[in-house]
Amino acid sequence: MSKFLLVVLDGLRPDMVGPDTTPNLVAFAAAGTRFLRARSVFPSETRVCSASVTTGCLPRRHGLVANRIPHPLDARRSVDTGQMNLLKAVEQDTGAPLLDAPTLARLLHGAGRDVAILSSGTTGQTYVLNPEADALGQLTLSVHGPEFCSARGRDLLARLSPPPAAPAERAVWLAEAYRTHILPEPPDLSILWLCEPDSSGHYQGLGSPAQLDALRAADAAFGRLVADWQAGPWRDALTIAVASDHGHATISGHLAIAPHLARSPAEGATLMPGSSCGLAWSNAGGETIAAAADWLTRQDWVGSVFATDGIDLPLGVLPSSAVLANHARAAQVVFTLRTSAARSERGLPGTTLYDGDLPRGGGTHGGLLGAELHTVLMLGGARIQRGLLAETPAGLCDLAPTVLTLLGLPGAEAMDGRILAEALHDGHEPEARPAAESWEAANGTYRQRLARTRLGRHIYLDEGFRG
Ligand SMILES: [Zn+2]
């Protein structure tokens, strides 16, 4: 019976994949299919991406619309979706499930198939991948401790050495736990989510020696896993995908947003700062929202500006639907900070202003730079084309429908993503041709542009920037 393993290297930029840093990924790609135009979703934030991976749907459908969301019942406070306990509290407060679309874990459970999730991401990120792990009797293991695991995850955790404290070591520890305890008898679907090179990129510098060391260590752990897979009984039955959820831009400088909001039309809104930022109101009419969005287009530190669909949008502002992030739980105004396509001091293209605790030179993501939206996506295994460099557009939402198809299960058509059929031996190229789409809006000297690619009913975000 077919099985599937998804390995996510959180925050890995495609231009950081190479023979020096990731020889095992390079070898894996050469023996399989690599998608050269793989894309994240917007906001390019980890929990948003995790929800798209597990549901095969865009943020406008799964509803986990930002790393920090307005509380659905009271927008005067915001919720950090990185904390499992806060997500469970939101579910209790609203009486509704966290995600508006079914997860892979639920769909597989319905078909009598098993799922295991191992993650060194935040407790909230791990929970998003399968909020129903306990109810469905499935295994979820978080490196953050037994209270963040499902019952079956706790059983496994108790049999392992204690996880190390440093993120780079945790990622390796987790990959080893998978290789030694899950891979010998893998469930139908497993997801191994490694917090590197994201964590070291954020805190120790994007492209820094420390980040490259963390990446090399994660790649080496992946190499050991691949070697066992190739030598073991599951070589022909198990398909492996390697992906990143988003890329990274380099923080070029800090900008404290809150002082600017005082005495502006956005005063009174709840601010959710970051690289991608939200403004939310509990009760605001279209005029208030429009005035705040209009004011943002007049600030030189602002990048792209989006506002909720259905109001009279001011000049220069694009609707949230343009970035596929329109949802009832989204902040009414979403904007990015000013970016540049220039190279960082370490030579990596894409820099941005940032409001938060990360250092200058550190990596951040959430916005629409190509550096943030362009991701890694590879497939390998007996059913996958060897040595194919696929130029068709692909993205995070395509993983889930491809998983279902390879496992012989229905449900792919109900998802936003597409089956990556061109990578399969028995597959075919998409019938539709990729078509470039451009959205532009201007207000005086302010001008923003959003580039997307459409492939049939599927839409991929390529880049957004202030021109
Ligand atoms: Zn991430």
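These exercises, each with a worked solution, walk through one predicted model.

In this predicted model, local features need pLDDT of at least 70 and side-chain atom pairs count only at pLDDT 80 or more, while totals for chains, interfaces and linings use all residues. Residues are numbered from 1 along each chain as its sequence is written.

**Exercise 1. The whole chain**

Task: State how many helices and strands the chain has, and find how its radius of gyration compares with the globule rule.

Solution:
- Start with the count. The chain has 14 helices and 25 strands. These are DSSP runs, numbered from the N terminus: helices are H or I with at least four residues, strands are E with at least two.
- Next, the radius of gyration. For the 467 residues the value is 21 Å, close to the 23 Å of the globule rule, so the chain is as compact as a globular protein of that length. The radius is taken over C-alpha atoms, and the rule is 2.2 Å times the number of residues to the power 0.38.
- Then the box. Along the principal axes, the C-alpha atoms fill roughly 65 × 45 × 45 Å.
- Last, burial. Of the 467 residues, 56% count as buried. Buried means 20 or more other C-beta atoms within 10 Å of a residue's own, with C-beta atoms placed from the backbone; exposed means 12 or fewer, and partly exposed lies in between.

**Exercise 2. The eight-stranded sheet**

Task: Give the strand order of the open sheet of eight strands, and explain why one side of E7 and of E21 has no neighbour in the sheet.

Solution:
- Read the order: E7-E6-E8-E1-E9-E20-E2-E21, with mixed pairing. Two strands pair if DSSP finds at least two bridges between them.
- Go to the edges. Strand E7 (139-142) and strand E21 (388-390) each have a single partner strand, so one side of each is left without a neighbour.
- Check the turn. Neighbouring strands are turned by 10 degrees against each other on average, direction ignored.
- Zoom in on one pair. E9 (residues 238-243) and E20 (residues 377-380) run antiparallel and are joined by four bridges. Ala243 has Leu377 in E20 as its bridge partner.
- Add a helix. H8 (residues 167-182) lies across E6 (115-119) and E8 (189-194), at about 160 degrees to E8. Axes are lines fitted to C-alpha atoms, for helices over the stretch in contact, and angles run from 0 to 180 degrees between N-to-C directions.

**Exercise 3. Two domains**

Task: Which residues make up each domain, and what separates the domain centres?

Solution:
- Domain 1 is 3-250 + 368-423, and domain 2 is 251-362 + 437-466. The bounds come from an automatic or database domain assignment.
- Over C-alpha atoms, 26 Å separate the two centres.
- The contact takes 38 residues from domain 1 and 42 residues from domain 2. Two residues are in contact if their C-beta atoms, placed from the backbone, lie within 7 Å.
- On the side of domain 1 that touches domain 2, the largest share comes from E5, with four residues.

**Exercise 4. One residue**

Task: Is Ile257 buried or exposed?

Solution:
- Locate Ile257. This residue is in the loop between E10 and helix H11 (258-261).
- Count. Ile257 has 22 C-beta neighbours inside 10 Å, so it counts as buried.
- List contacts. Leaving aside neighbours within four places in sequence, Ile257 touches Leu271, Pro273, Cys277 and Asp355.
- Look further along the chain. Val302 is 45 residues from Ile257, and their C-alpha atoms are separated by 9.8 Å.
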